[in-house]
Amino acid sequence: MKPPMHVAKENEVASIGLPRVPKQDEQTAVLKKLDDLRSSMRSLMVMLENCTKCGNCAKQCHSYLGTEDYHNFPAARADLMRRIYKRYFTWTGRTFGRFFGADDFDADTLSKWLTYFYQCNECRRCAKFCPFGIDTAEVTIAARHILSEIGIMPKFMQGIAVNMNKTGNNMGIPQPAIVDCAEFMEDEMREETGLDIKIPIDKPNSDILYIPSSADFFTNVDTMIGAAKLFHYLGVNWTIPSTVLEAANFGLLFNLNVMREHNQRLKAAATAVGAKLVIQGECGHGWRAAKAYTDGCSAPVSFEIVHILDYCDQHLGKLPLKKLPLRATLHDPCNYARAGEIVEQPRRIMRACVENFVEMTPNRDENFCCGGGSGILMDEMMEIRMKLGKKKAEQVIALGKLDYLAMPCSICKAQIPVVMKYYGVDDLMMGGVMDLVGKAMILGEA
Amino acid sequence: MSMVEINGQQIEIDEDGFIVDPAVWNEGLVSYFAKQEEVPELTEDHWKVINYLRQYFKQFGIAPMIRKLCKDTGFTLKEIYELFPSGPAKGACKLAGLPKPTGCV
């Protein structure tokens, strides 16, 4: 089976410290890693032990609904690992083999893992509807981790790890370019408002460390501008670290040791400027990584972590907002709604920023993923990505004429516009929630 | 990665068809990449964008923000897409010999 993405080559994986295990040693290495996870990742054992194949998850999974590929049915996807687990770690599987849902590790095992665990968006919608709460994302995270530990990963993930090591952000933006971008955005705000609104980079002795997505310094300028205007209006002492210009943490999506390193960078950056508050920008999985795993990766830490939408919501009543004449809806990033407790905050903000806020169906913790979740943004997977995005497109189209689609996550911002265009919608404005805050805030006249 | 021969020169390109080493780029290579990116004819406007990207990359080692590219060249994003159908990050960067922008883009 040929995986649908470019796979990183031996010299490439070695360059990020995850050398390829020789073919003949793969089985031993994979079983050893799986054995390690049995003790370090107890949640994985719950997911592998308990499935009854009731089939409930099939109709809840946008990946299966979009691709109609059997292995994208969550129970079948998890079975790719479950059957190996049973064969080598349970007495029933060892004794009765296939009759007890166990399979031998064979020449196709890992290419199937690579193919199908990279068609799971780790959105956790299956867990929401599973009577046992089985969360396939946990299995996907474990499988991708094991694969990368033996040197098997998409080129896309490897390339991002290279950029992260070199510059501290996924895009590979060097420090002088970060400063140049910040100055450009300051100029934009000056032209618009006549005010001197700063985007301070690496400012020592700052109370707040703001962590934007690096894409906010390339495509999603208005998200960054919205946050800068908010901080300006509140008069807080804040900065952005050039060493971690990245709310995303792709380690969560392919290698848990890489996730830990990223999180420790975050701690170092906050400690360096003496920040007591770290505010994460619009990024779904990065919020999950920062919120849920900072203690595990970097404890003890001397700062609080909040999300920009939570922070903005806390100050909403004070802001000089004038509602924009828009009919707008919100796409809930999966990691906010099902893993991050950012659900009502963006709604309150949007109702304060636009005249007509409408809900898509389903929404909140029942929302469908954009189809790009967990970093499935590879160009070479475009055909599959469009199938993964089908449910989202249907949800948006069902709302009729819209002016704005808010999608406060950089992966969603990269995926949804392509999906909407593919399904015939190309006249819709799309962006973040902070973009609307920036546009609705009255800060002086040019 | 693979090697392609363009104007008698062996050029290494990556899986997405981008030049691996931006230092080997020269103007003679652009028409080859233009064909790959469905740019039928290279006009003065194309060169304005390409030269801007080259200059920014030389100074900063990365592609400029899309809005800065538009502002400094005087083209709207729509016009950039008309010039380079796969967009500023993919088509324009490929013709200018920049690495493919990666991450959440």
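This is a stop-by-stop tour of a predicted model with chains A and B.

Before you start clicking: residues count from 1 along each chain as its sequence is written, while chains are lettered from A and ligands numbered from 1 in the order in which they are written. Because the model is predicted, local features need pLDDT of at least 70 and side-chain atom pairs count only at pLDDT 80 or more, while totals for chains, interfaces and linings use all residues.

**Stop 1: the domains of chain A**

Colour chain A by domain: domain 1 is 10-153, domain 2 is 167-314 and domain 3 is 320-440 (the bounds come from an automatic or database domain assignment). The centres of domain 1 and domain 2 of chain A, taken over C-alpha atoms, sit 33 Å apart. Between them, 7 residues of domain 1 of chain A contact 5 residues of domain 2 of chain A (a contact means C-beta atoms, placed from the backbone, within 7 Å). On the domain 1 side of chain A, that patch has 3 nonpolar, 2 polar and 2 charged residues. Here Ala, Val, Leu, Ile, Met, Phe, Trp, Tyr, Cys and Pro count as nonpolar, Asp, Glu, Lys and Arg as charged, and the others, Gly among them, as polar.

**Stop 2: helix 7 of chain A**

Select residues 109-117 of chain A, which make up helix 7. Helices (H or I, at least four residues) and strands (E, at least two) are DSSP runs, numbered from the N terminus. Which residues of helix 7 are buried? They are A:Leu110, A:Trp113, A:Leu114, A:Thr115, A:Tyr116 and A:Phe117. A residue is buried if 20 or more other C-beta atoms lie within 10 Å of its own, exposed if 12 or fewer, and partly exposed in between, with C-beta atoms placed from the backbone. Add helix 2 (26-40), helix 5 (74-89) and helix 9 (136-149) of chain A to the selection, and you have what those buried residues pack against.

**Stop 3: the 2-1-3-4 sheet**

Now show the open sheet of 4 strands in chain A with the order 2-1-3-4 and parallel pairing (two strands pair if DSSP finds at least two bridges between them). Strand 2 (238-239) and strand 4 of chain A are the edges, each pairing on one side only. Strand 1 (208-211) and strand 3 (277-280) of chain A share 4 bridges in the parallel sense; look for A:Tyr210, whose bridge partner in strand 3 is A:Ile279. Helix 14 (256-273) of chain A packs on this sheet, touching strand 1, strand 2 and strand 3, and its direction makes about 145 degrees with that of strand 1. For such angles, axes are lines fitted to C-alpha atoms, for helices over the stretch in contact, and values run from 0 to 180 degrees between N-to-C directions.

Then hop to A:Pro300, in the loop between helix 15 (284-298) and strand 4 (304-307) of chain A. The bond joining A:Ala299 and A:Pro300 is a cis peptide, with omega about -5 degrees.

**Stop 4: the 6-5-7-8 sheet**

A further open sheet of 4 strands in chain A runs in the order 6-5-7-8, with parallel pairing. Its edge strands are strand 6 (354-358) and strand 8 (429-431) of chain A, and neighbouring strands are turned by 30 degrees against each other on average, direction ignored. Strand 5 (324-330) and strand 7 (404-406) of chain A pair over 3 bridges. Helix 22 (433-440) of chain A packs on the sheet and touches strand 5, strand 6, strand 7 and strand 8, at about 170 degrees to the direction of strand 5.

Past strand 6, in the loop leading to helix 19 (382-388) of chain A, find A:Pro362. The peptide bond from A:Thr361 to A:Pro362 is cis, with omega near -10 degrees.

**Stop 5: a helix crossing**

Select helix 20 (390-397) and helix 21 (410-422) of chain A, whose axes come within 9 Å and cross at roughly 70 degrees. That falls in the 65 to 115 range, so the two helices are roughly perpendicular. A:Lys392, A:Ala393 and A:Val396 of helix 20 meet A:Ile416, A:Val419 and A:Met420 of helix 21: 5 nonpolar, no polar and 1 charged.

**Stop 6: over to chain B**

At the interface, 30 residues of chain A contact 14 residues of chain B. Helix 10 (155-167), helix 11 (175-193) and helix 21 of chain A each give two or more residues to it.

Finish on B:Asn7, in the loop between strand 1 (2-6) and strand 2 (9-13) of chain B. B:Asn7 has a positive phi of about 50 degrees without being a glycine, and B:Asn7 is exposed, with 10 C-beta neighbours inside 10 Å.

Key. Parallel < 35°, antiparallel > 145°, perpendicular 65-115°, else oblique. Contact = placed C-beta atoms within 7 Å.
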